[in-house]
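Q: Hi, could you walk me through this one? I have some short questions.
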Amino acid sequence: MTSYNLFTSEEDSLISGNCDLITDTFDNSTVNTSGLITQALHSLNPFSHIELFKPEILNGLDSKTILRKGMDLGMSYELKGTFVALSISLQTQDDESTSNFNELDNFKYKELIFYAGFILEASRRFHIVLSGAEEMAIVLLIADNLREEVLMRIKSDNITLATTSYSAKSIALKTILAKLSYHPKALYTDFDLSGADIQSVKESHHGLRDRNGTGASLAIASRDSITNQELLDALELIVYMA
């Protein structure tokens with residue numbers, strides 16, 4: 001299993017160290033394959049800390065208040081490991097790719113604003129891996145577009161976007177990233193599900209979407225020389241034990 005630079009397709013790797021995970025979905029009952037990959041990685045190489053964020057706390061708040069709450073978390077978050085992986089389960093209707101703001105309903109957009117606020121402040125303190133595809137690229141774009149309003153910009157050398165090989169093919173993803181005022185580090189990992197014994201897992205091979213921490217988990221597994229088969233075995237064990 002190998003990770004590659006999204007723009008050059010050359011071998012590349014995640015930074016070293018232990019990883020905290022901030023996510024809005026981490027549940028042992030997770031049934032989608034993407035979520036199971038993160039569960040499998042955690043069983044082999046546990047996250048140093050898992051922080052579960054509940055988007056419901058944003059209900060009824062205006063965008064400026066939500067941005068401030070995100071920035072406050074970025075300033076106050078107590079890092080347990082070396083860096084943080086940020087993952088959200090945001091998805092559009094019918095599970096299509098999130099390619100632009102117009103595809104998002106008002107609440108989902110506010111959730112992205114919260115995470116944009118978080119990375120504006122947190123990137124000044126530690127490295128952040130955004131685990132996802134178009135939706136995480138939009139978080140970066142929102143934060144970048146806010147730089148003049150908040151008189152602050154992302155510390156871009158503390159940002160990595162990590163995704164799956166399937167999501168890496170997205171033209172929309174690269175289009176959004178090209179709109180940034182800086183060139184972000186972005187990775188994808190060639191994890192392969194085609195050798196799975198469980199048919200439902202095997203059938204996910206050609207459409208492995210990035211959600212629930214998948215991109216970051218795969219990048220960590222690749223960096224730490226966890227083989228494709230080892231991760232696949234751990235994933236299928238979770239399914240068998242469910």
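A: Happy to! Helices (H or I, at least four residues) and strands (E, at least two) are DSSP runs, numbered from the N terminus. This is a predicted model, where local features need pLDDT of at least 70 and side-chain atom pairs count only at pLDDT 80 or more, while totals for chains, interfaces and linings use all residues. Residues are numbered from 1 along each chain as its sequence is written, and side-chain values use heavy atoms, with hydrogens and water left out.

Q: Great. How many helices and strands are there in the protein?
A: The protein has nine helices and seven strands.

Q: And where is Met-241?
A: Met-241 sits in helix α9, which covers residues 228-241.

Q: Is Met-241 buried or exposed?
A: Exposed, because its relative accessible area is 66%. Here buried means under 20% relative accessible area, exposed over 50%, and partly exposed in between (1.4 Å probe, protein chains only).

Q: Which residues form a nonpolar patch with Met-241 on the surface?
A: Leu-237 and Tyr-240 join Met-241 there, and together the three have about 390 Å² of accessible area. Patches are made of residues with over 30% relative accessible area and no salt bridge, with like charges joined within 9 Å and nonpolar side chains (Val, Leu, Ile, Met, Phe, Trp, Tyr) within 5 Å. A salt bridge is a side-chain nitrogen of Lys or Arg within 4 Å of a carboxyl oxygen of Asp or Glu. The areas come from the Shrake-Rupley method with a 1.4 Å probe, and for residues only the protein chains shown count as cover.

Q: Going inside now, which residues have the most contacts inside the largest nonpolar core?
A: Phe-118, Ile-119, Ile-128, Leu-140 and Leu-177, in a core of 46 residues. Such a core is a set of buried Ala, Val, Leu, Ile, Met, Phe, Trp, Tyr and Cys residues joined through side-chain atoms within 4.5 Å.

Q: Which element gives the most to this core?
A: Helix α3, with nine residues. Apart from this core there is another, of 28 residues, including Ala-40 and Leu-218.

Q: What does Leu-177 touch?
A: Leaving out residues up to four places away in sequence, Leu-177 touches Leu-6, Phe-7, Ala-137, Leu-140, Leu-161, Pro-184 and Ala-186. Contact means heavy atoms within 4.5 Å.

Q: New topic: how many aromatic pairs are there in the whole structure?
A: Six turn up in the search. Rings of Phe, Tyr and Trp (its six-membered ring) pair if their centres lie within 6.5 Å; planes under 30 degrees apart count as stacked, over 60 as edge-to-face and the rest as tilted.

Q: What about the rings of Phe-53 and Phe-114?
A: That pair is stacked, because the centres are 4.4 Å apart and the planes are at 15 degrees. Phe-53 is in the loop between β3 (49-52) and α2 and Phe-114 is in helix α3, so the pair ties together parts 61 residues apart in sequence. Both Phe-53 and Phe-114 are buried.

Q: And Phe-53 with Tyr-115?
A: With centres 5.6 Å apart and planes at 70 degrees, that pair is edge-to-face. Phe-53, Phe-114 and Tyr-115 form one aromatic cluster.

Q: Last bit, what is the phi of Ser-9?
A: Near 65 degrees, a positive value in a residue other than glycine. Ser-9 is in the loop between β1 (3-5) and β2 (19-23), and at 43% relative accessibility Ser-9 counts as partly exposed.
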